[in-house]
Amino acid sequence: MNPKHPHPHTQDKKNQLRLVAWETTRNCNLACVHCRASASMGPHKGELGTEEALGLLDQIAQVAKPIIILTGGEPLLRSDIFDIARHGTRLGLRMVMALNGTLVTETVARQLVDSGIQRISVSIDGSSAETHDRFRQVKGAFEGTLRGIELIKNAGLEFQINTTITKTNLNQIPAIQDLAVELGAVAHHIFLLVPTGRGKYIVDQAIDAGEYERTLNWFYDQRANTPLQLKATCAPHYYRILRQRAKEEGISVNFQTHGLDAVTRGCLGGVGFCFISHRGIVQPCGYLDLNCGDVRQSSFADIWNQSNIFLELRDYDKLKGKCGPCEYKRVCGGCRARAYEATGDFMREEPLCSYEPRSKK
């Protein structure tokens with residue numbers, strides 16, 4: 001691409017990098033049924049080494065100062081994870097970590113704080129040990145997670161609860177949210193199952209379009225009933241519903257536009273967010289398994305600014321099916337990963353959307 005004539009959808013204010021989820025390792029001590037990465041105890045070949053990891057953070061910091069989500073697998077199984085967190089903190093990046101909670105000790109909690117980690121996300125996918133442990137496929141995972149959360153809280157570190165919604169736990173979401181309040185979480189983020197990785201094998205547990213819509217409307221109603229910050233991820237329709245409901249109620253919704261709880265746009269993949277695999281492959285998100293570049297072969301800046309896949313995702317006029325004429329496409333965008341899994345084309349219409357656009361031209 002000629003740098004004198006940049007593509008109109010390269011890095012600009014609309015496409016500013018806000019979040020990077022980095023799969024620091026695929027090693028994991030659990031075997032969750034919905035896992036995007038089908039993570040398990042390794043070793044997994046090709047993981048970025050320490051120097052490569054620190055260099056990657058240097059490159060990201062040259063592009064923007066996004067939130068870096070250190071994820072996995074289970075990042076605590078990586079021996080240099082606190083060195084990585086400290087380096088990112090020194091660079092001025094907001095470092096957060098996604099854990100399952102079971103490996104947290106008092107020492108680990110102290111190291112998380114000392115390395116500059118600003119928030120922990122912990123997944124709870126059932127309101128009881130029975131449901132959560134079945135989801136995680138490890139007996140005792142629920143109790144281990146609660147112990148880890150208590151240690152994180154005692155260390156003065158803020159945490160959020162993440163919940164992946166399927167048919168098996170749909171009726172428990174209110175109880176899980178109550179549990180999040182009881183535990184002292186600052187936020188509850190819900191994730192709608194995307195059938196990738198091991199999630200493909202429980203695709204029959206994915207909720208349908210009607211349940212999807214009802215769940216997101218319930219989630220909207222909770223805004224007035226909970227002290228938690230609420231965010232829906234892998235659920236871009238929520239950003240349409242937010243605007244529809246606010247208009248119906250004649251209210252002005254003040255959206256939080258920065259930080260982990262920011263309500264900006266539905267699908268941010270390739271637009272304000274990207275995922276980096278344990279081998280350094282950059283993707284639009286962890287569920288959309290498309291190689292947009294390899295940080296071992298190209299600079300992160302070049303990948304973020306010049307990847308043809310990213311540029312296409314940033315051009316909302318290229319959306320197909322009913323997403324194309326939809327008046328909400330710039331705030332929703334549909335889940336590109338679900339479209340890809342269903343059709344092989346990441347720009348096709350979102351398969352789990354029941355909304356019919358006003359215009360179908």
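## Helix 2 and its surroundings

Helix 2 has Ile81, Phe82, Ile84, Ala85, His87 and Gly88 as its buried residues. In this predicted model, that buried set packs against strand 1 (19-23), helix 1 (50-63), strand 2, strand 3 (94-99) and helix 3 (106-114). Just past the end of helix 2 comes glycine 92, with a positive phi of about 90 degrees.

The loop leading into the helix is worth a look too. Glycine 73 sits there, between strand 2 (67-71) and helix 2 (81-90). The peptide bond between glycine 72 and glycine 73 is cis, with omega about 15 degrees. For context, most peptide bonds are trans.

## Backbone oddity at cysteine 234

Next up is the loop that connects strand 7 (229-233) to helix 8 (237-249), which holds cysteine 234. Its phi is near 55 degrees, so we have a positive value in a residue that isn't glycine. Most residues other than glycine have a negative phi.

Is cysteine 234 buried or exposed? Its relative accessibility is 18%, and the cut-off for buried is under 20%, so cysteine 234 counts as buried.

## Arginine 265: buried, with no salt bridge

Further along, arginine 265 is in the loop between helix 8 and strand 8 (273-276). It's buried but makes no salt bridge. Which side chain of opposite charge is nearest to arginine 265? That would be aspartate 315, 9.8 Å away, while a salt bridge needs the charged atoms within 4 Å.

What the arginine 265 side chain does have is backbone oxygens. One of its polar atoms lies 2.2 Å from the backbone oxygen of cysteine 267, and the backbone oxygen of lysine 329 is 3.2 Å from a polar atom of the same side chain. Leaving out residues up to four places away in sequence, arginine 265 touches Tyr239, Val271, Tyr316, Lys329, Arg330, Val331, Cys332 and Gly333.

## Lysine 322 and the 349-357 neighbours

Lysine 322 belongs to the loop between helix 10 (308-313) and helix 11 (336-343). Its relative accessibility is 14%, so lysine 322 is another residue that counts as buried.

What does lysine 322 touch, not counting residues up to four places away in sequence? The list is Glu349, Cys353, Ser354, Tyr355, Glu356 and Pro357. With glutamate 349, the C-alpha atoms are separated by 5.9 Å, although the two residues are 27 apart along the chain. At tyrosine 355, the backbone oxygen is reached by the lysine 322 side chain at 2.9 Å.

Methods. Residues numbered from 1 in each chain as written. Predicted model: local features only at pLDDT ≥ 70, side-chain atom pairs only at ≥ 80, totals over all residues. Heavy atoms only, no water. Helix = DSSP H or I, 4+ residues; strand = E, 2+ residues; numbered from the N terminus. Buried < 20%, exposed > 50% of the residue type's maximum accessible area, 1.4 Å probe, protein only. Contact = heavy atoms within 4.5 Å. Polar contact = N/O pair within 3.5 Å; in protein donor to acceptor, adjacent residues only side chain to side chain. Lys, Arg positive; Asp, Glu negative; His and termini not counted.
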